[in-house]
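User: Could you take a close look at one helix for me and walk me through how its sides differ? I'd like the residues spelled out so I can follow along on screen.

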Amino acid sequence: MKYRKIKRNPQQFLSLTGLEIAEFEALSKEFEVDLNNYLSKFTFLGKERIRVYKPRGRELTDEQKHENRQISSFRVKVEHAIGRVKIFRIVKERFRCHKLFFNDLVFEIACGLHNFKLSCI
């Protein structure tokens, strides 16, 4: 679903959002500023975003190294799961079906098949 495409059809836009195009655009400008401010400080899970970089000429503390390892191990698990889902051709290649929410449905089905495969092992 793309904003540019839906914007061309005011009736569909109203049914999806409950707002007219002018109302939505006025709200979206304010919302975008607030969202960017929020995401610069917090993650999608609501945790405070803390960036730990190695200081020049010094080492990280053991606590910071431990925290970075935990984040890295979680990220690796997520990346591996996404890679295993992409064995399905419809997920890894582009398809031409432009129905509303079809992309999400395809990915959910692929994730379900992946989880089913894991439960059978």
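Analyst: Here's a walk around helix α6, one side and then the other. Keep in mind that this is a predicted model.

Helix α6 runs over residues 102-120, so you're looking at 19 residues by the DSSP-run definition. From its first C-alpha to its last it reaches 27 Å, close to the 27 Å expected at 1.5 Å a residue.

Start with the buried side. Val106, Ala110 and His114 are buried in α6. They cover an arc of only 75° around the axis, which puts them on the same side of the helix. As for what sits over them, the cover on the buried residues of α6 includes α4 (62-85) and α5 (89-92).

His114 is worth a zoom. This histidine belongs to α6, and its relative accessible area is 8%. The cut-off for buried is under 20%, so His114 counts as buried. Leaving out residues up to four places away in sequence, His114 touches Arg84, Val85 and Phe88. Arg84 and Val85 fall within the 62-85 range of α4, so if you click on those two you'll be looking at the end of that helix as DSSP runs define it.

Now spin the helix around. Glu108, Phe116 and Ser119 are exposed, and they sit on the face of α6 turned away from its buried side. So that's the picture: Val106, Ala110 and His114 buried on one side, with Glu108, Phe116 and Ser119 exposed on the face turned away.

Methods
Residues numbered from 1 in each chain as written. Predicted model: local features only at pLDDT ≥ 70, side-chain atom pairs only at ≥ 80, totals over all residues. Heavy atoms only, no water. Helix = DSSP H or I, 4+ residues; strand = E, 2+ residues; numbered from the N terminus. Expected span 1.5 Å × (residues − 1). Buried < 20%, exposed > 50% of the residue type's maximum accessible area, 1.4 Å probe, protein only. Arc of directions from axis to C-beta. Contact = heavy atoms within 4.5 Å.
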